[in-house]
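Let's take a walk through a protein model together, one stop at a time. Have the sequence and the 3D view ready, and look up each residue as we reach it.

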Amino acid sequence: SIPSHRPPQRPSMSPRLLRAVGRGWLAVLGLLTVAVFVLVLIPAKDYGLVFDAGSTHTSLYIYRWPADKENGTGIVSQVEACYVSGPGISSYADNPAGAGASLKPCLDRAMKIVPAEQQRETPTYLGATAGMRLLRMENSTKAEQVFAEVSKAIGEYPVDFRGARILTGSEEGSFGWITVNYLLETLVKVSWREGSVSVSGCSSVLGALDLGGASTQITFQPGVPVEDRNTSVFFRLYGTNYSLYSHSYLCYGQSQALKMLLAALHQVPRGVGAAQPSPRAMAHSRSNVGCACGQRVGNWQRLGFYLGNPQIPSFGWKEVVVASQGSLLPLS
Ligand SMILES: Nc1ncnc2c1ncn2[C@@H]1O[C@H](COP(=O)(O)OP(=O)(O)OP(=O)(O)O)[C@@H](O)[C@H]1O
């Protein structure tokens, strides 16, 4: 006899079970509709992590942007800035492992913000500035050890680590220039309305002066060709070309200015008697400089320098005012 190949008969479902399955499918269908709706309305977001490793401190910036770009450049928003406790990484020259360890609390924070499924695709950079430039000049082996340790620490996290390096002075200056003009909306104007991003044209850009802890940068669009290629930077942002001049002056930062001031105070000639700082005065001024303490007046900082015998009024406190970004103005 020919064997029968009829499919086995399904057991028939009770009407109650049918109703339950029907409701289940409806629920699944509903959920799918919501998911598709959400996916269409909320565009996919990419994340990026940037460590700004300055001479005085390090911060981790967590950025997010829609996967689509505007004329080839992303519209980026800062999700969070995590302040790394402790000094800048160049201060760990004699304890490089400490530099790596100092970054971990902020990396842990980032792992709570970036969704787990996107962490492996999250580009992560560490850019170091004047503190590491100075350390590299003083002792390149120690600088490499610090980079090895911070790279090791970041490498322990499931991110797309793209490296830790010292930015060139013109990179540092021009990134500052982009930040200033992006925030002033002179590169692009973004309006976030009804869930969509509309981008309009830009006005004329501004130059940027950046006074850091150990260097200062000047960056602007000169409008004529820049002859020195080391100071010439080119960017194409949101469909517009920018040809910039950018230069960084190493040692012309706030901390360095204070060190220079201290050195100048040390060099007061002995012949002027009371103008010679007393040991007590020097200790006092050192402690003031070290922690940039003193009286804070709004955005200004007033530091006292004891220049000799307090009994002699003309050589009492020598006051300077440190403006918010570091310039020193003598008061007397
Ligand atoms: N709003 C502010 N008011 C007063 N002081 C400030 C302010 N912002 C920064 N500073 C001081 O200015 C100095 C430079 O700060 P910044 O964060 O630019 O340094 P950095 O990035 O560590 O240095 P560098 O860029 O040279 O590596 C620091 O000493 C900092 O304490």
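Our starting point is Ser55, which has a relative accessible area of 19% and is therefore buried, since the cut-off for buried is under 20%. Keep in mind as you look around that this is a predicted model. Ser55 sits in a loop, with strand S1 (45-53) on one side and strand S2 (58-66) on the other. Which residues does Ser55 touch, leaving aside those up to four places away in sequence? They are Gly88, Ser90, Thr129, Gly131, Gly213 and Ala214. With Ala214 there is also a polar contact: the side chain of Ser55 reaches the backbone nitrogen of Ala214 at 3.4 Å.

Now let's turn to the nonpolar residues inside. In soluble globular proteins, nonpolar side chains tend to be buried together. In this model, the largest nonpolar core has 32 residues, and the members that touch the most others are Ile89, Leu126 and Met132. Several elements give two or more residues to this core: S1, S2, H2, strand S4 (123-128), H3, H4 and S5. Which element gives the most? That is H2, with 7 residues.

Zoom in on Met132 for a moment. Not counting residues up to four places away in sequence, Met132 touches Ile89, Ser90, Ala143, Val146, Phe147 and Ile166. You have met Ser90 before, since Ser90 is also among the residues that Ser55 touches. Besides this core there is a second, separate one of 14 residues, and its members include Trp177, Val188, Tyr242 and Leu244.

Next come the charged side chains. How many salt bridges does the structure hold? There are 7, and we will visit three of them here.

In one of them, the side chains of Glu80 and Arg109 meet, with 2.6 Å from N to O. Glu80 belongs to strand S3 (residues 77-83) and Arg109 to helix H2 (residues 96-113), so this pair ties together parts that are 29 residues apart in sequence. Both partners are partly exposed: Glu80 has a relative accessible area of 22%, and Arg109 has 34% relative accessibility.

Helix H2 also takes part in another salt bridge, this time through Lys104. The side chain of Lys104 meets that of Glu156 at 2.9 Å, N to O. Here the link joins distant parts of the chain, 52 residues apart, as Glu156 is in the loop between helix H4 (140-155) and strand S5 (160-166). Lys104 is partly exposed, at 28% relative accessibility.

A further salt bridge brings together the side chains of Glu172 and Arg133, at 2.8 Å from N to O. Glu172 lies in helix H5 (residues 169-183) and Arg133 in helix H3 (residues 130-138), so the pair connects parts 39 residues apart in sequence. Are these two partners buried or exposed? Glu172 is buried at 13% relative accessibility, and Arg133 is buried at 9%.

Our last stop is on the surface. There, Val180, Leu184 and Leu206 form a nonpolar patch, and together they have about 240 Å² of accessible area. Leu206 is in the loop between strand S7 (196-200) and strand S8 (208-211). With 42% relative accessibility, Leu206 counts as partly exposed.

Terms used: Residues numbered from 1 in each chain as written. Predicted model: local features only at pLDDT ≥ 70, side-chain atom pairs only at ≥ 80, totals over all residues. Heavy atoms only, no water. Helix = DSSP H or I, 4+ residues; strand = E, 2+ residues; numbered from the N terminus. Buried < 20%, exposed > 50% of the residue type's maximum accessible area, 1.4 Å probe, protein only. Polar contact = N/O pair within 3.5 Å; in protein donor to acceptor, adjacent residues only side chain to side chain. Contact = heavy atoms within 4.5 Å. Patch = residues over 30% accessible without salt bridge, like charges linked within 9 Å, V, L, I, M, F, W, Y side chains within 5 Å. Areas by Shrake-Rupley, 256 points an atom, 1.4 Å probe, with all protein chains shown as cover. Salt bridge = Lys/Arg side-chain N within 4 Å of Asp/Glu carboxyl O. Core = buried A, V, L, I, M, F, W, Y, C linked by side-chain atoms within 4.5 Å.
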